[in-house]
Structure formats: structure tokens, C-alpha cells
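Here are a few exercises to work through with the structure open beside you. Try each task before you read its solution.

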Amino acid sequence: MLKTQEYIAANREKNLGELLELLKIPSISADSKYAPDVAKTADWVAEKLRLAGADNVKVYPTEGHPIVYGEKIIDPKKPTILVYGHYDVQPPDPLELWESPPFEPIIKKTELHPEGAIYARGSCDDKGQVYMHLKAFEAMMKQGEMPCNAKFMIEGEEEVGSPNLGRFIVTHRDMLKADVVLISDTSMIANDCPSIDTGLRGLSYMEVTVTGPNRDLHSGVYGGAVANPANILAKMIASMHDENNHITIPGFYADVVEVTPAERAALAEAPFDEKAYMKDLGVNAVWGEKGYTSSERSSIRPTLDVNGIWGGYTGEGAKTVLPSKAFAKISMRLVPNQTSAKISKLFEDHFKSIAPPSVQVKVDYHHGGEPVVTPIDSVPFKAASMAMQKTFGKEPIPCRGGGSIPIVALFEQELGLKSVLFGFGLNSDNLHSPNEKFGLFNFYKGIETIPYFYQYFTELNAQ
Ligand code: BES
Ligand code: MN
Ligand code: MN
């Protein structure tokens, strides 16, 4: 991989320039206004994939946003790596909290990124990390050092729950045949502390509507005598955690696989500085389920969180009103062996059962996804570990991730494929938050490390 590394070193500025171009296109999948930009991004990625040396590059339309595919089969007898990522991004709001416009990338130095970081929506999640793969592939191709086959499937709907990708993978089984899925869409502990995620949480995402009186009322004339759906909703939500911050939905923990003390001890090896964590977040205390550490609470344990809550008057100043309706978006992160369908139903039944007769409730399901755990004694994990060891000079620590990538469970279930979560971002890079960033160190390190994964994966498979 020597020539590949020379090519990568010689093309740093060019690669960065291209990523900045990609980050300028607002590919917000959740907002239909941006559909033309999402489509434009797909075409842009496809073109770069073609230029990098991929064959059969195609933008596949779906009922939602398109999927970009391309491949390079150098020898059908060699192993095949399927690279998955997403080119869509989260909405950037609240816009006023961005220090620079979300789709006008700029580079600034920070404490954790002394070499500089690229500030833009999608820089880390996931355009920057997807682009590392295209550039690593290009380098191996141009230098004649591709050790195995590669396929790329880059989707445009990950941030809205991948509603069309499940169908796509089952209708394109042959095209997607591979030995492993390689995904850079997670985080590592720190730039001087590489780690590899060995799991993802699942997700159940619900929306609830609580309706009281048939219209908004004068809160003086009726207040006190009619149930206020906003008050009721707040109380219902509050009741869903007990004094130990356990979730009170009956049966919620029934399928949870308790992590063994040995595994917990191994996970506790990962450095975690709680003071720095609190300082970074501006909180004076951490919070969570009794009996678990902050790292455990955000990885191996399930959660229930309000993502948004509204109703009544939220405009400027004060308006005395007793609202007719109150709403909330509530998500639950799931761990093995909870399933999204079962948890969603338990939530619905429980939520309805705790509603007082003075209101009516409606529960709608948004997207879901299943949790996954990936083995650490497998060939792909070893290859990933060796690759990071090579470029970071340190063996990466296995960690359980807290986020969700719904398609990963389906890769296993539908295609029989294991995934490697080869992430290069940091949790503190403000994914989904204002001022998202991606370190230049991380971008370049990712490009350098990926070819070694190809090499070691091929070598280990040949043994
Ligand atoms: N890349 C993230 C998931 C992630 C981030 C995993 C950091 C581990 C560490 C992904 O783009 C994401 O945000 N997924 C969503 C789920 C989806 C259904 C909207 C999530 O986790 O909220
Ligand atoms: Mn992502
Ligand atoms: Mn995301």
C-alpha cells in the first residue's frame, strides 16, 4: 500500500476541496423542499465514484431519495467489501445557533481538533466519512493496488429511517453479494484513542397526541375545571421513568440481554472522563439509570426520551389559553434482544392505559430499527483492528455505540452479512447539533487507514 499512501499524501488538498464542494449541497432528506438538492448530491457522489474508478455506477431511484451504487470487481475469486454510507444529512435547525452557515463549510481549529476541523452539516455524519472511502478507493485504483473487490452503496434516506433501503437490498441480492459490509458512520473515543464500535442500538420512534376540549379555551374562564392536555401529557411522560430512572412500561426490559460482568469490565477499560464530559455538555451532573455508568447508560442500556414536545401558545409574549391538544415525539433506544415492533406496541398500550378519562390519546409509529452486536473475534474485526493499529500506532478499543443505523440489522438478516463499524468521527463532533464538525486529522486518517483494511481483510481471508 506504499504507492497508495503516496497518492493519498499528494492529494490531501484536492480531496479536502472536493469534500467542501459536497458539503455545500444541502441534502436534507427530511424536508421535501430539498429533494432536488438530495438528487443533485446523489449525482455528484455517483460522478466521483465513476472518476475514482468504479464500474456500473448507477443512481437508483426509489420511492424516496435515490441510492448510489458502483463496484469494482478485480477478480471474482477475491473477497468483496460492500461499503455502505449515507449522503443525506439532518436538518440544520436551529439555524441561529450555528456560528457559520451550515452549508458554507469553513475550517477552524479547536481544542480537540488542533489541526483544524471542517464545520458544516454532514461533515462527520456522514458525507465526510463516506468521502474517505471514495478517496481511499481512488488511491488504490490509480496506483494499481486494489487487493480485492469493492462495492459501494450510498443511500440518501438514512436520516429518515431508510424507508426504501430494506426493499432495495432484497431486490438486489445478487448485485450486493459480498463478504462483509464496511461502514464509517460511527465515532471513536478520541484522536489519540482509536476504538471500534461493536454494536448499535435499535430504535422505536413514536408520536403522541393528547386531546382535551374540542377547542382552545380561555384559561381563566375554563382553567381549573377542564383537563389541560399539556399538563396531562407532561405528567404521563414524567411517569414513564421511576425514581431509579428505570422505564416503567410493563415488559419493557423483558427481552433485554444483561451484559455479563466480564463484558462490563472490558467495556469499562475504555477511558471516560466524566468531568470533561459534563464540561463539554455544560451540565453540572449526569443523569441516568441507577446501577450503570454514563458509558453504559448510553450504549448497553435502553432509553426513552422526548425529542420534541409542543402544544398551545408558543409565540412571543404571553397568551392565556388552555390548549385543545398537546403533542410529543418520543423515541426509545433499544438493545439486544428487544425488537422495535414489540416495544412500540408496549409503548402504545401503556400510553393509552395511563391516559385519564378527561383526554383522548392517539399514538402513531414513526420509523424503527433493530439493535445489533458485532463479533470481535471475526476476520473483519481483526482486519479493522490491524488497520487502525497500523495508522494510529495503537490497538483500537472495542466499544458499544449508542446510535442507530437501521439497515445494519437487515444486512445480517436479509443478506447474511456482518458489518464492521469503522468510524473516524468523535461523539463531540456535534452530529445532529448546530456546528457539526469533522477533524481534518480524522478525514485524512480515515483515508489512510481504509486501504489497510482492504489489504488485511484480503490477506486474512486467503489464510
Ligand atoms: N451515524 C448515525 C448513527 C451513529 C452515530 C451511530 C454515532 C453511532 C455513533 C446515523 O446517521 C444516525 O443518526 N442514525 C439515527 C437513526 C435514524 C433512524 C434516524 C439515530 O441514531 O438517531
Ligand atoms: Mn450517520
Ligand atoms: Mn445521523
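At 12% relative accessibility, Asp-185 falls in the buried class, where buried means under 20% relative accessible area, exposed over 50% and partly exposed in between (1.4 Å probe, protein chains only). Before the exercises, some housekeeping: this is a predicted model, where local features need pLDDT of at least 70, side-chain atom pairs count only at pLDDT 80 or more, and totals for chains, interfaces and linings use all residues. Residues are numbered from 1 along each chain as its sequence is written, chains are lettered from A and ligands numbered from 1 in the order in which they are written, and side-chain values use heavy atoms, with hydrogens and water left out.

**Exercise 1. Work out which residues coordinate the manganese ion (ligand 2), and how its site is classed.**

Step 1: Collect the donors, meaning N, O and S atoms within 2.8 Å of the metal (3.2 Å for Na, K and Ca); water is not among the atoms, so sites may look incomplete. You should find His-86 through NE2, Asp-125 through OD, and Asp-185 listed twice through OD, at 2.0 to 2.4 Å.

Step 2: Check the angles. They run from 57 to 166° among six donor atoms, and the site is irregular. For six donors, octahedral would need opposite donors over 155 degrees apart and all others between 65 and 115; four donors would be square planar by those limits, or tetrahedral with all angles between 85 and 135 degrees, and anything else is irregular.

Step 3: Look along the chain. The donor residues are spaced H-x38-D-x59-D. His-86 sits in strand β3 (residues 80-86) and Asp-185 in the loop between β7 (180-183) and β8 (187-188), 99 residues apart, so the pair links distant parts of the chain. Helices (H or I, at least four residues) and strands (E, at least two) are DSSP runs, numbered from the N terminus.

Step 4: Check burial. His-86 is buried too, with a relative accessible area of 0%.

**Exercise 2. Find what bridges the two manganese ions, then describe the site of ligand 3.**

Step 1: The manganese ions (ligand 2 and ligand 3) lie 3.6 Å apart, and Asp-125 bridges them.

Step 2: Around the manganese ion (ligand 3), the protein donors are Asp-125 (OD), Glu-159 (OE, listed twice) and His-432 (NE2), 2.1 to 2.5 Å away.

Step 3: This site is irregular as well, with angles of 56 to 156° among six donor atoms. Its donor residues follow the spacing D-x33-E-x272-H.

Step 4: Glu-159 counts as buried at 13% relative accessibility, while His-432, at 41%, is partly exposed.

**Exercise 3. Give the strand order of the open four-stranded sheet, and say which helices lie across it.**

Step 1: The order is β12-β13-β11-β14, with antiparallel pairing; two strands pair if DSSP finds at least two bridges between them.

Step 2: The edge strands are β12 (303-311) and β14 (360-369), each pairing on one side only.

Step 3: Strand β11 (residues 202-211) pairs with β14 over eight bridges, and Val-208 has Val-363 as its bridge partner in β14.

Step 4: Helix α6 (residues 229-238) lies across β11, β12, β13 (325-334) and β14, at about 15° to β13. Helix α10 (residues 340-353) lies across those four strands too, at about 165° to β14. Axes here are lines fitted to C-alpha atoms, for helices over the stretch in contact (heavy atoms within 4.5 Å), and angles run from 0 to 180 degrees between N-to-C directions.
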